[in-house]
Amino acid sequence: MAGSLAEPDPAVVTALRAAGCVYAEQEAALLEEESRDGRDLPLMLTRRLSGEPLEQVLGWAEFCGLRIKLTPGVFVPRKRTEELVELAVKLASTLEDPPVVVDLCCGTGAIGVAVASSVPGTALHAADIDPDAVACARLNVTGGQVHEGDLYDALPTGLRGRVDLLLVNAPYVPTDEIRLMPAEARQHEHHVALDGGVDGVEIHRRVAAGASQWLAPGGSLLIETSRHQATDTALACEAAGLQAEVFGPDDQGMTVVRAISGPWHSSGTMTR
Ligand SMILES: C[S@@+](CC[C@H](N)C(=O)[O-])C[C@H]1O[C@@H](n2cnc3c(N)ncnc32)[C@H](O)[C@@H]1O
């Protein structure tokens with residue numbers, strides 16, 4: 001996360017270590033660097049010691065080598081999601097024209113921003129139901145549009161049938177398992193960012209059900225899921241008339257379902 005940072009104040013390191021921060025030295029250095037000549041340090045330290053995620057205290061998270069602005073309560077982009085971005089960039093490179101990309105359930109907008117930063121000309125739309133996430137995404141999505149609302153309800157109707165890449169990291173934690181998550185997530189990320197319903201796949205089913213109305217012919221839906229939920233996520237896509245394929249899990253357990261919209265050749269390959 002850090003480049004070359006100054007030696008941190010040992011008292012700050014000690015306080016962080018006592019609070020259970022594993023990377024206390026690195027965290028101390030980052031907090032000091034971010035704290036405007038030390039003026040904000042006491043408040044930032046208090047927030048961190050009370051269990052707020054480091055990224056929310058700093059006001060940014062590193063994602064795909066970018067600094068993504070982050071505001072309190074908004075989901076902290078996870079390292080594992082970088083795999084979904086990598087896959088999206090690969091798919092974009094096979095298209096003739098710059099892609100229309102939708103980052104649905106966008107949180108900070110990290111996924112869409114990372115793809116757009118690697119794929120020149122991307123027409124980016126990001127959307128989220130949480131007003132705090134939408135406000136945060138608007139700080140990050142400077143070359144695209146951010147919409148607020150429930151899944152596809154948020155999108156301009158002019159995007160119907162035109163989306164090349166529909167990128168989704170929706171909540172997928174089963175409701176009953178939220179209590180098992182680390183306190184940093186449970187207490188400092190909004191519940192709506194975590195709760196995937198009874199089996200964790202409820203939002204995936206809704207995303208899959210609506211996808212074909214929005215995808216361009218041959219367009220791809222990429223959904224981050226988990227090793228255990230991948231089959232159900234893929235089945236939801238197939239039930240919605242898409243052709244699904246599971247990528248992963250990788251070393252970090254990250255799994256992505258890619259679901260492609262028809263029309264199809266008889267061989268099952270796409271028309272473009
Ligand atoms: C797990 S977070 C992921 C955020 C972001 N995609 C990322 O990877 O950092 C899920 C996001 O989905 C949003 N969300 C939950 N339900 C939604 C819905 N019905 N419509 C739109 N967004 C929703 C939450 O507000 C949250 O920002």
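Modeller: Rings of Phe, Tyr and Trp (its six-membered ring) pair when their centres lie within 6.5 Å; planes under 30 degrees apart are stacked, over 60 edge-to-face, and the rest tilted. The model is predicted, so local features require pLDDT of at least 70 and side-chain atom pairs pLDDT 80 or more, whereas totals for chains, interfaces and linings use all residues. Residues are numbered from 1 along each chain as its sequence is written, and side-chain values use heavy atoms, without hydrogens and water.

Colleague: How many aromatic pairs does a search of the whole structure find?

Modeller: The rings of Tyr-152 and Trp-214 have centres 5.8 Å apart and planes at 10°, so they are stacked. The search of the whole structure yields a total of one.

Colleague: How far apart in sequence are the parts that this pair ties together?

Modeller: Helices (H or I, at least four residues) and strands (E, at least two) are DSSP runs numbered from the N terminus. Tyr-152 sits in the loop between β5 and β6, while Trp-214 belongs to helix α9 (residues 202–214), so the separation is 62 residues.

Colleague: Which strands stand at the edges of the open sheet?

Modeller: Strands pair if DSSP finds at least two bridges between them. The seven strands of this open sheet follow the order β5-β4-β3-β6-β7-β9-β8, with mixed pairing, and the twist from one strand to the next averages 20°. The edge strands each have a single partner, so one side of each lacks a neighbour in the sheet; they are β5 (145–148) and β8 (243–247).

Colleague: In β9, which residue is the bridge partner of Gln-243?

Modeller: Strand β9 (residues 254–260) runs antiparallel to β8, and five bridges join the two. The partner of Gln-243 in β9 is Ile-260.

Colleague: What angle does the direction of helix α7 make with that of β5?

Modeller: Angles run from 0 to 180 degrees between N-to-C directions, and axes are lines fitted to C-alpha atoms, for helices over the stretch in contact; contact means heavy atoms within 4.5 Å. Helix α7 (residues 131–140) packs on the sheet and touches β4 (123–128) and β5. Its direction relative to β5 is about 175°.

Colleague: How are α1 and α2 oriented to each other?

Modeller: The axes of α1 (residues 10–18) and α2 (residues 24–34) come within 8 Å and cross at roughly 125°. Angles under 35 degrees count as roughly parallel, over 145 as roughly antiparallel, 65 to 115 as roughly perpendicular and the rest as oblique. The two helices are therefore oblique.
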